[in-house]
Amino acid sequence: MEPQKAVIKTVDLTKVFRDFFGRRTVNAVEKLNLEVYRGEIFGFLGPNGSGKTTTMKLLLGLLFPTRGKAFVLDKEPSDVMVKQRIGFLPEESYLYRFLTARETMDFYGKLFGLPKDLRRERTEQLLELAGLQKDAWDRPIKEYSKGMARRVGLAQALVNDPELIFLDEPTSGLDPIVSRQMKDLILKLKSQGKTIFMSSHLLADVQNVCDRIGIIYRGRFQKIGSVTDLLMIKEQLQIKVKGMPLDKCKEIGALVNKHGGEVMDISHPLDTLESLFLKTIKEENEGNNSDSKSDN
Ligand SMILES: Nc1ncnc2c1ncn2[C@@H]1O[C@H](COP(=O)(O)OP(=O)(O)OP(=O)(O)O)[C@@H](O)[C@H]1O
Ligand SMILES: [Mg+2]
């Protein structure tokens, strides 16, 4: 079997920041060894200040490593050819406030040297894909909500039809609905064959999207693996039962005891907060269909 093709590879990647006098240092990234394979969604998870953005900037060629190496699409990140083939959604939106979404897309399309017709085509296709409502396309971005600005940010990151996409905290600051839509979009990009490297500080944000996740803390990988591998509590077993009277559960308890085990918990399975929120809003919307209150 052919080994999986790594589109991102780092070897002992290290970044040390020094203060102005070169005295105080921060090891923002320390000996990071990472491989991201073609076609996967890789979640880069860690608390604030753990080194996610720094790693991303190293991979994008926006920072140079203190030690170690990074390869993106088999080349050094500073290579101009790499920049043509990747897309980047930064942590903080850096969109021009006075440009409209359409103008923004056109501007970035020009930076990549796309001809006019193609720019127009991509603009419409990507703003649509990103789910920005049409009546906002010609309004200045300063009037947008955070969710709308994030959508333009994503559309912008895709303007050069990149094969590898870096998303720094794509769902941060978004409500659960928009957050879910963003995740669905990310899955859609994967289905188009793209590779995605995304960071987050919330497990729930990456849990049901990523093929693999790496947990970084103080600049080092603490754990790396598939989501189920990392989350599964191997020494415990949960039995899901349907259609059995609750009082009969005692019999299961007896059976477990008989075999030297101990029943730790019998409970109804928990839904995620996210899905509860989504359900609640769906119910609310369905219930309020006749009530045609105009929204903004
Ligand atoms: N330009 C810089 N100069 C000095 N220190 C820096 C610089 N950029 C980052 N750091 C430090 O490096 C460490 C990692 O920062 P980084 O921004 O990579 O973290 P992060 O995981 O992206 O955090 P967050 O979740 O808050 O975005 C922090 O201690 C930060 O203070
Ligand atoms: Mg960051």
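The largest nonpolar core of this structure holds 52 residues, and among its members Ala-155, Phe-166, Ile-196, Phe-197 and Met-198 touch the most others. Strand 2, which spans residues 25–37, gives the most to this core, contributing 5 residues. The model is a predicted one, and its protein chain averages a pLDDT of 87, with 92% of the residues scoring at least 70.

**Core**
- When residues up to four places away in sequence are left out of the count, Phe-197 touches Ile-8, Val-36, Phe-42, Phe-44 and Phe-166.
- Phe-166, one of these partners, is also listed with Phe-197 among the core residues that touch the most other members.

**Surroundings of ligand 1**
- Ligand 1 is surrounded by 13 residues, of which the closest are Phe-17, Ala-28, Lys-52, Thr-53 and Thr-54.
- Strand 2 and helix 1 (52–59) each supply at least two residues of this shell, and helix 1 gives the most, with 3 residues.
- Strand 2 therefore appears in two settings, as the element that gives the most to the largest nonpolar core and as a supplier of residues to the shell around ligand 1, where the cut-off for being near the ligand is a C-beta atom within 6 Å of it.
- Sorted by class, the shell around ligand 1 comprises 8 polar, 3 nonpolar and 2 charged residues.

**Backbone angles**
- Most residues other than glycine have a negative phi.
- Asp-12, which is not a glycine, nevertheless has a positive phi of about 45 degrees; Asp-12 is placed in strand 1 (residues 6–18), and it counts as exposed because it has 12 C-beta neighbours inside 10 Å, the limit for that class being 12 or fewer.
- Leu-73, likewise a residue other than glycine, has a positive phi near 50 degrees, and its place is in the loop between strand 4 (67–72) and helix 2 (80–85).
- Leu-73 counts as partly exposed because it has 19 C-beta neighbours inside 10 Å, whereas a buried residue needs 20 or more.
- Gly-260, which follows helix 9, has a positive phi near 80 degrees.

**Helix 9**
- Helix 9 (residues 249–258) lies largely in the open, because the number of buried residues among its 10 is 0.

**Confidence along the chain**
- Among the elements of the protein chain, strand 4 has the highest mean pLDDT, at 97, and helix 10 (residues 273–287) the lowest, at 70.
- Over residues 290–296 the pLDDT is below 50, and this stretch has 0 contacts in the model beyond near neighbours in sequence.

Notes
Residues are numbered from 1 along each chain as its sequence is written. Chains are lettered from A and ligands numbered from 1 in the order in which they are written. This is a predicted model: local features need pLDDT of at least 70, side-chain atom pairs count only at pLDDT 80 or more; totals for chains, interfaces and linings use all residues. A nonpolar core is a set of buried Ala, Val, Leu, Ile, Met, Phe, Trp, Tyr and Cys residues joined through C-beta atoms within 7 Å. Helices (H or I, at least four residues) and strands (E, at least two) are DSSP runs, numbered from the N terminus. Two residues are in contact if their C-beta atoms, placed from the backbone, lie within 7 Å. Ala, Val, Leu, Ile, Met, Phe, Trp, Tyr, Cys and Pro count as nonpolar, Asp, Glu, Lys and Arg as charged, and the others, Gly among them, as polar. pLDDT is the predictor's confidence in each residue, from 0 to 100.
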